[in-house]
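Colleague: I should like a close look at a single part of this model, taken residue by residue and then set among its surroundings. Please begin with one side chain and work outwards.

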Amino acid sequence: MRFRELWDEIAPVGRDAGSGGYLRYALTAPELRLREWFRAQADSRGMPVSEDGNGNLFAWWGDPAAGGAVLTGSHFDSVPHGGAYDGPLGIVSAFLAVDELRAAGVTPVRPVVVAAFVEEEGARFGVPCLGSRLLTGAIDADRAAGLRDTAGVSLAEALGHRPAGAGPALLGRFAAFVELHVEQGRALVDADAPVAVGSAIWPHGRWRFELRGEGNHAGTTRMADRRDPMLTFAFTVLAANKEARLRDAHATVGRVAVEPNATNAIPSTVTGWLDARAAAPETLDGLVEAVRAKAAERARRDGTELTVTRESATPLVAFDGGLADRLAGLLAAPVLPTGAGHDAGVLAAHLPTAMLFVRNPTGVSHSPAESATDDDCAAGVVALARVLEELACH
């Protein structure tokens with residue numbers, strides 16, 4: 001199977017031998033290897049590759065000057081110890097969809113462009129969908145240039161230059177964007193369908209909760225004398241869980257930093273990052289405010305100090321309804337919303353955008369347990385090829 005052949009070329013890159021997950025952080029050695037693989041795949045198909053100055057790669061099938069291009073693709077980078085399919089499936093499938101169309105003798109009337117967006121997960125520089133945000137102007141280039149990873153390396157240093165920022169001349173060449181992605185749930189298992197069309201992305205964001213107390217000795221400080229930010233933090237995590245469940249929303253604290261991070265020391269500072277998502281903006285706002293208020297009240301009781309900073313926020317994204325309906329009819333596929341953010345969510349504010357989801361039998365994502373069968377991935381390729389033919393070849 002052609003899918004398996006191509007997939008096996010990238011499967012070992014960045015895989016951690018211990019967890020089986022992937023460490024493909026943006027612009028680090030594993031991701032750079034995949035970017036070289038992208039260029040090689042494009043070259044083997046005679047597709048010129050351009051870069052937008054922000055780290056995003058574009059491989060063109062058809063005349064780039066023709067205009068009205070149909071953009072597809074996804075990203076290579078991963079969360080820490082993430083799954084294999086989140087991101088790369090969309091890029092591999094895009095190249096294979098081009099192959100399908102060529103094998104059928106189809107010629108694009110408008111260019112088809114395969115994209116590899118940089119830093120979609122935000123796992124290195126802290127801002128998700130950074131490449132697409134830069135391309136569209138959703139984030140200022142000067143701010144982005146100064147973003148730093150945990151080792152102190154800035155985005156500008158990792159790129160080798162200051163990011164170019166918004167590219168209206170490039171964006172103006174695109175007429176639509178279709179991103180294929182592995183499903184991040186089990187709805188397609190229940191629907192007994194290999195592929196779905198996306199309808200919307202829940203509003204979501206990231207908030208940094210910084211709690212400051214008094215560092216002290218764990219063995220000599222009386223319990224009554226402590227100003228322990230870890231207690232406030234623990235309460236905040238539980239409050240986030242409760243408030244999300246009350247609203248049928250999602251709240252996750254998956255990252256924490258502790259100072260001085262010693263077993264026999266009461267922390268002086270605990271910083272946690274809240275990822276919050278909900279079906280409606282007002283629900284999300286109410287969730288975050290409820291967590292902040294409960295954390296603040298607990299901080300007063302614990303004698304600690306709380307600062308909450310919003311690091312990123314993405315509004316509700318309803319994909320182009322006419323395009324989604326058109327593709328759902330074309331593919332006879334179900335239509336599903338998603339709680340996960342994607343580059344498609346950023347680009348949707350600038351051009352007609354759609355998503356395709358490929359069935360994930362485990363329903364698990366951002367984990368080594370994330371999966372998709374070769375047959376379903378092949379079905380995704382066929383579906384994407386049909387969509388690209390519909391949008392670019394008639």
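Modeller: The model is a predicted one. Serine 312 has a relative accessible area of 9%, which is under 20%, so this residue counts as buried. Serine 312 belongs to strand E12. Leaving out residues up to four places away in sequence, serine 312 touches Pro128, Gly205 and Arg206.

The surroundings of strand E12 come next. E12 is part of an open sheet of four strands, ordered E9-E11-E7-E12, with antiparallel pairing. The edges of this sheet are E9 and E12, each of which pairs on one side only. From one strand to the next the twist averages 15°. In general terms, strands of a sheet pair through backbone hydrogen bonds, and the pairing is either parallel or antiparallel.

The sheet can be followed from E12 across to E9. E7 and E12 are joined by nine bridges in the antiparallel sense, and within this pairing histidine 204 stands opposite threonine 314 of E12. E7 also pairs with E11, again antiparallel and over nine bridges; here arginine 208 has tryptophan 273 in E11 as its bridge partner. E11 in turn is joined to E9 by nine bridges, and these two strands run antiparallel. In E11, arginine 277 is the residue that histidine 250 stands opposite. Helix H9 packs on the sheet, where it touches E7, E9 and E11, and the direction of H9 makes about 170° with that of E9.

A second helix, H10, is also in contact with this region. Its buried residues are covered by elements that include strand E7 (204–212), helix H9 (229–246), strand E9 (250–259), strand E11 (269–277) and strand E12 (305–314). The buried residues of H10 are Leu284, Leu287, Val288, Ala290, Val291, Ala295, Ala296, Arg298, Ala299 and Asp302. As a general point, an α-helix has 3.6 residues a turn, so residues three or four places apart point the same way. The length of H10 can be checked as well: at 1.5 Å a residue, its 22 residues (281–302) should span 32 Å, and the end C-alpha atoms are 32 Å apart, which agrees. After H10 comes glycine 303, with a positive phi near 70°.

Beyond this sheet, strand E14 (residues 335–338) offers a contrast in pairing. E14 and strand E6 (residues 195–201) pair in the parallel sense over three bridges, and valine 197 stands opposite valine 335 in E14. One face of E14, with Leu336 and Thr338, is covered, whereas the face with Val335 and Pro337 is uncovered.

Valine 197 also appears among the contacts of leucine 356. Setting aside neighbours within four places in sequence, leucine 356 is in contact with residues including Val195, Ala196, Val197, Leu331 and Val387. Leucine 356 is one of the residues with the most contacts inside the largest nonpolar core, which has 57 residues; the others named are Trp7, Phe38, Leu89 and Phe95. Another core, of 24 residues, lies apart from it, with Phe174, Leu188, Ala344 and Met355 among its members. In soluble globular proteins, nonpolar side chains tend to be buried together.

Methods. Residues are numbered from 1 along each chain as its sequence is written. This is a predicted model: local features need pLDDT of at least 70, side-chain atom pairs count only at pLDDT 80 or more; totals for chains, interfaces and linings use all residues. Side-chain values use heavy atoms; hydrogens and water are left out. The expected span of a helix is 1.5 Å times one less than its number of residues. Buried means under 20% relative accessible area, exposed over 50%, partly exposed in between (1.4 Å probe, protein chains only). Contact means heavy atoms within 4.5 Å. A nonpolar core is a set of buried Ala, Val, Leu, Ile, Met, Phe, Trp, Tyr and Cys residues joined through side-chain atoms within 4.5 Å. Two strands pair if DSSP finds at least two bridges between them. Axes are lines fitted to C-alpha atoms, for helices over the stretch in contact, and angles run from 0 to 180 degrees between N-to-C directions.
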